[in-house]
Amino acid sequence: MLGALLLAMVWLVANVQSNLERQNINSGFGFLSERAGFGINQTLIDYTEDSSFGRVLTVGLLNTLLVSVFGVFFATVLGFALGVARLSGNWLINKTAMVYVEIFRNVPLLLQIMFWYFGVLRNLPSPRKAVSLGDTMFLSNRGIVVPAIEAASGAGWYVAAFGLSLAAFIWLRRRARLARLADGALMPFWRPLLTVVLASIGVAALLAGVPFSLDVPALKGFNFRGGITVIPEFVALLLALSLYTAAFIAEIVRAGIQSVSKGQREAAAALGLPDKTALRLVVIPQALRVIIPPLTSQYLNLTKNSSLAVAIAYPDIVSVFAGTTLTQVGQAVEIIFITMMIYLSLSLMTSYAMNRYNARIALVGQNT
Amino acid sequence: MSDPVIRINKMNKWFGNFHVLRDIDLNVASGEKIVICGPSGSGKSTLIRCINRLEAHQEGDIEVEGVTLDGSLKNLEDIRSNVGMVFQQFNLFPHMTVLENCTLSPIWVQQKSKAEAETLARELLERVRIPDQADKYPGQLSGGQQQRVAIARALCMNPRIMLFDEPTSALDPEMIKEVLDVMVELAEEGMTMLCVTHEMGFARQVADRVIFMDEGEIVEENAPEAFFSNPENERTKLFLSQVL
């Protein structure tokens with residue numbers, strides 16, 4: 001049995017090798033340093049047509065990560081809100097959440113991506129007739145253009161002021177919490193925080209003036225110049241992934257909260273805990289241990305589903321590397337292998353992080 | 001009888017169309033111990049759950065320590081901080097240690113400091129005779145120990161009244177006594193107690209009054225001696241012949 005399997009693999013490898021030789025296709029990873037020669041419409045790092053295929057790989061990976069991280073964030077926030085809404089006593093809120101979940105989880109994701117891209121964003125007016133929000137943000141079929149903040153010298157003072165405020169926030173909150181637990185005293189929090197924030201910004205302004213300028217986008221010819229452009233492919237993919245995954249997360253959250261027995265809420269109520277405190281200290285911590293494992297699968301699904309980007313030509317790793325690069329170089333074995341390995345490592349890293357978190361909140365004892 | 005701490009007047013409650021409690025009248029004096037018994041489905045649990053409004057009643061009045069239970073949140077907070085409750089299924093919080101279970105309400109509701117709350121909790125755990133389990137999780141304790149933690153947890157709020165909803169029904173026989181002993185001690189210290197229980201020995205030992213309920217009504221109430229030796233109502237007689 002094992003021998004047959006081994007034999008089959010040997011034959012497969014030999015077959016691939018002889019076929020590649022016959023078609024004059026190189027093997028090995030040398031192509032990664034060759035010139036790519038094509039442009040990419042969204043790059044988080046410097047990239048030109050003269051960059052290498054290796055650079056293409058990095059750009060694609062970063063784009064995949066970008067849409068995945070934002071997607072996971074929005075899907076989680078929306079999913080939790082919808083999950084709680086599904087349990088609301090209010091008929092309207094409850095049914096709205098239900099209708100949302102049933103629509104978004106029952107329409108294929110690929111269609112949803114196409115809907116947002118071809119159905120909505122591509123049908124926005126051209127840049128010349130763009131929808132303007134206060135003449136600083138523009139919505140058109142070329143994407144969303146927002147003003148960029150440009151910092152001149154002296155901005156460092158403001159960064160320092162921000163850092164100081166953040167440190168004050170953390171320290172004051174800690175102090176208030178410790179004092180509250182130590183002797184029940186209520187420490188002032190908002191007033192000293194506000195003082196620190198205003199004072200540090202004031203000092204920064206005195207020292208450096210206003211070293212910021214706003215780069216407001218303006219229409220030049222057929223398109224906008226200046227500002228930051230968020231391409232429609234990104235917006236469409238992000239919308240579709242977040243809205244679709246949120247529907248699944250909503251059901252997971254609902255099931256998690258329902259898994260906490262009614263007796264737990266009653267005991268908390270009998271102890272005089274207000275509903276919100278009971279939810280935060282008693283129900284959610286117990287619901288989380290039911291929620292985390294399936295939530296992890298949803299995060300993995302979202303990341304893997306982002307490869308559907310290829311349908312609307314968002315430059316993710318599948319689109320620019322397993323797509324464009326593959327057609328140019330032709331080394332399918334290496335390219336697909338690299339791409340699969342990258343997804344695999346992304347998934348394993350996510351799983352690992354979530355499992356660590358899950359282990360930390362796991363229950364002790366058998367009687368649960 | 002001194003001024004009653006609990007006053008229930010013509011109280012009625014329905015679950016949907018089902019009339020669970022019919023015209024309940026009950027006054028409880030400070031320090032009084034009342035045992036409520038009756039066949040299952042007779043409304044005895046529902047009655048004591050109405051006293052801290054885990055269930056809302058629809059008609060009549062309930063007054064606890066002079067505060068009326070109407071939907072007002074302020075009144076509800078007042079009442080819940082004065083009334084402790086122990087459940088049949090313990091309902092300890094499994095993700096918190098025994099000590100955290102006990103200090104939750106003192107810290108978050110009564111705004112006590114953590115140190116103060118822990119001292120109080122350890123004192124009460126001592127009283128229910130499990131001081132050495134403070135740092136364990138509920139899942140690591142036996143049923144009897146868990147129920148004693150639940151009693152300590154309720155006592156940490158320093159309540160004036162304690163409600164017990166079949167506190168020994170989910171326990172193995174050999175653990176019933178350890179819980180009842182704690183309850184007897186509590187009774188001897190003068191706590192006002194309402195217990196739904198089938199432990200007739202406990203009723204004889206501590207109760208000032210035994211109440212028999214059937215089909216949502218208080219059928220009979222009497223001092224334990226008279227109640228057990230000379231029940232007046234036919235339904236009471238039938239019930240006692242089955243449990244004694």
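Me: Which side chains meet in a salt bridge between chain A and chain B?

Reply: Good place to start, and keep in mind that this is a predicted model. The pair is A:E266 and B:R49, with 2.6 Å from N to O. Across the interface of chain A and chain B, the rule finds one salt bridge.

Me: How many residue pairs are in polar contact across the interface of chain A and chain B?

Reply: Five residue pairs pass that test, with both partners at pLDDT 80 or more.

Me: Which elements of chain A give two or more residues to the side that touches chain B?

Reply: They are α5 (155-183), α8 (262-270) and α9 (275-305) of chain A. Of these, α8(A) provides the largest share, seven residues. Sorted by residue class, the side of chain A that touches chain B has 13 nonpolar, 10 polar and four charged residues.

Me: And how should I read the extent of the interface? How many residues of each chain are in contact?

Reply: Look at a residue count and a buried area together. Here 27 residues of chain A are in contact with 29 residues of chain B. The two chains bury about 2,500 Å² between them, and 62% of that lies on carbon and sulfur atoms.

Me: Now for the surface. Which residues form the nonpolar patch on chain A?

Reply: The patch is made of A:V99, A:I103, A:V107, A:L110, A:L111, A:M114 and A:F118, which together have about 560 Å² of accessible area. Two helices of chain A, α3 (91-106) and α4 (109-120), each supply at least two of its residues. The largest share, four residues, comes from α4(A). You can find A:L111 in that helix, α4 of chain A.

Me: Back to charges, then. How many salt bridges does the rule count over all chains?

Reply: The count comes to 23 over all chains. One example to display is A:R35 with A:D50, where the side chains meet at 2.6 Å, N to O. This pair links distant parts of the chain, with the two residues 15 apart. Both A:R35 and A:D50 sit in the loop between α1 (2-22) and α2 (53-86) of chain A.

Key
Residues numbered from 1 in each chain as written. Chains lettered and ligands numbered in written order. Predicted model: local features only at pLDDT ≥ 70, side-chain atom pairs only at ≥ 80, totals over all residues. Heavy atoms only, no water. Contact = heavy atoms within 4.5 Å. Buried area = accessible area lost by both parts, 1.4 Å probe. Salt bridge = Lys/Arg side-chain N within 4 Å of Asp/Glu carboxyl O. Polar contact = N/O pair within 3.5 Å; in protein donor to acceptor, adjacent residues only side chain to side chain. Nonpolar A, V, L, I, M, F, W, Y, C, P; charged D, E, K, R; others polar. Patch = residues over 30% accessible without salt bridge, like charges linked within 9 Å, V, L, I, M, F, W, Y side chains within 5 Å. Areas by Shrake-Rupley, 256 points an atom, 1.4 Å probe, with all protein chains shown as cover.
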